[in-house]
Structure formats: C-alpha cells, structure tokens
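Me: Got a minute to look at a model with me? I'd like to go over a helix pair and some odd backbone spots.

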Amino acid sequence: MEIYAALAIVAVVLIWAVVTYNRFISLRRFKDEAWSGIAVQLKRRHDLAPNLLSLVKRYAQHEKDLLEEITRQRSNLIGDTRRIAENEREYSGVLGRVFALAEAYPELKANGNFLSLQQSLAEIEEQLQMARRYFNSTVRDFNILVESFPSLLLAHLFTFKTDAFFELEDPEDAKLPRME
C-alpha cells in the first residue's frame, strides 16, 4: 500500500511539473507575441517619419538638426525593453518638436497631408498604448509564475528569469505628442 501512495505522490509531482513548465512556455510565447505587437506599432510610428520629414522640409529648411534627429531615431528600435522604452521617450519628444514647429508655419498646420499624418500618428499611439498594456500584463503573469512558490523551483531549474515591463518613467510620456 505504501508503494502506491509513494507512486501517487511522484505522479502528482510530475504532472504538476509538466503543467507548470508548459505554463512557463505558454506565458513566454504570449509575452513574445505581445512584444511583437509593440514592435509593429513602433515600426509604424517610425515609418511616418519620412513623410513628416518631406512635408516639414518644404516649410522649414533651417530646421536641419530636428530633421536629422528624426532620421537618427528611426534606427533605435533595437535593444532590450528598457533601452527601447528610453529611445521611444526621446522619439516622442522629437515628434513633439516637429508638431511644435508646425505652429510656426500655419500653412503646414493646415496642410491636408500633415493633418492626415497627425491622425495616423494618433491612431498608432492608441494602438501602441494597447500593445504596451497587453505586453505588461503578460510580463506580469510570467513574473508572478517565476517568483511564486512552488513554481519558482522550476523557474530556477530551467533558468526562467523575470522580465522588465515596458514602462514610462514620466506619466507625461504616455500622452500623445502635442499636435495643435
């Protein structure tokens, strides 16, 4: 009888280990999918830059530094979550400067293409915010599993590590670039 009890305990532990391991894998895939959603929205946002550049160049030949900064920022979509979040804060600031520049050129501000780009950017920012929330919720679930007992035993055994959230240090960064 004792052998059956021992076998039952071993079977329960093995089943728990398999289920928990599969949960780690599943959450990691959800997290990767969520990051892919953020990457797509960031790429869409950065792909607007050439259109913004061409419109703004026509109106503001002397704003060369700003235009070069937008071009440079387009190459900053690589790195870990924290680095990309930091780059995106900078990029939001640069976009804000572009839209502030439009204030100095009323004909640019009234340009149909410029208004269309503003609308596209607003839509992308909304999608990016939703993708960020989804990513952070999958990271939260994954991190809870990594840090909770008894699943942390498997996390250490299979070297699952907690991940960083895609966070904004300043709540102002969550707002759309100013587009008046």
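Reply: Sure, helix packing comes up below, then the backbone. Keep in mind that this is a predicted model, where local features need pLDDT of at least 70, side-chain atom pairs count only at pLDDT 80 or more, and totals for chains, interfaces and linings use all residues. Residues are numbered from 1 along each chain as its sequence is written, and side-chain values use heavy atoms, with hydrogens and water left out.

Me: OK, at what angle do H4 and H6 pack?

Reply: About 160°, with the axes of H4 (residues 81-104) and H6 (residues 112-147) 13 Å apart. So H4 is roughly antiparallel to H6 (an angle over 145 degrees, on a scale from 0 to 180 between N-to-C directions).

Me: And which residues of H4 and H6 meet?

Reply: From H4, Thr81, Leu95, Phe99 and Ala102; from H6, Phe114, Gln118, Leu121 and Phe135. Contact here is heavy atoms within 4.5 Å. Of the residues in this H4 and H6 contact, six are nonpolar, two are polar and none is charged.

Me: Switching to the backbone: where is the cis peptide bond?

Reply: Between Phe149 and Pro150, with omega about 10°. Pro150 sits in the loop between H6 and H7 (151-157). Most peptide bonds are trans.

Me: What about phi at Thr159?

Reply: Positive, about 50°, though Thr159 is not a glycine. Thr159 belongs to the segment after H7.

Me: Is Thr159 buried or exposed?

Reply: Exposed, at a relative accessible area of 55% (exposed is over 50%, buried under 20%, partly exposed in between, with a 1.4 Å probe and protein chains only).

How values were computed
Helices (H or I, at least four residues) and strands (E, at least two) are DSSP runs, numbered from the N terminus. Angles under 35 degrees count as roughly parallel, over 145 as roughly antiparallel, 65 to 115 as roughly perpendicular and the rest as oblique. Ala, Val, Leu, Ile, Met, Phe, Trp, Tyr, Cys and Pro count as nonpolar, Asp, Glu, Lys and Arg as charged, and the others, Gly among them, as polar.
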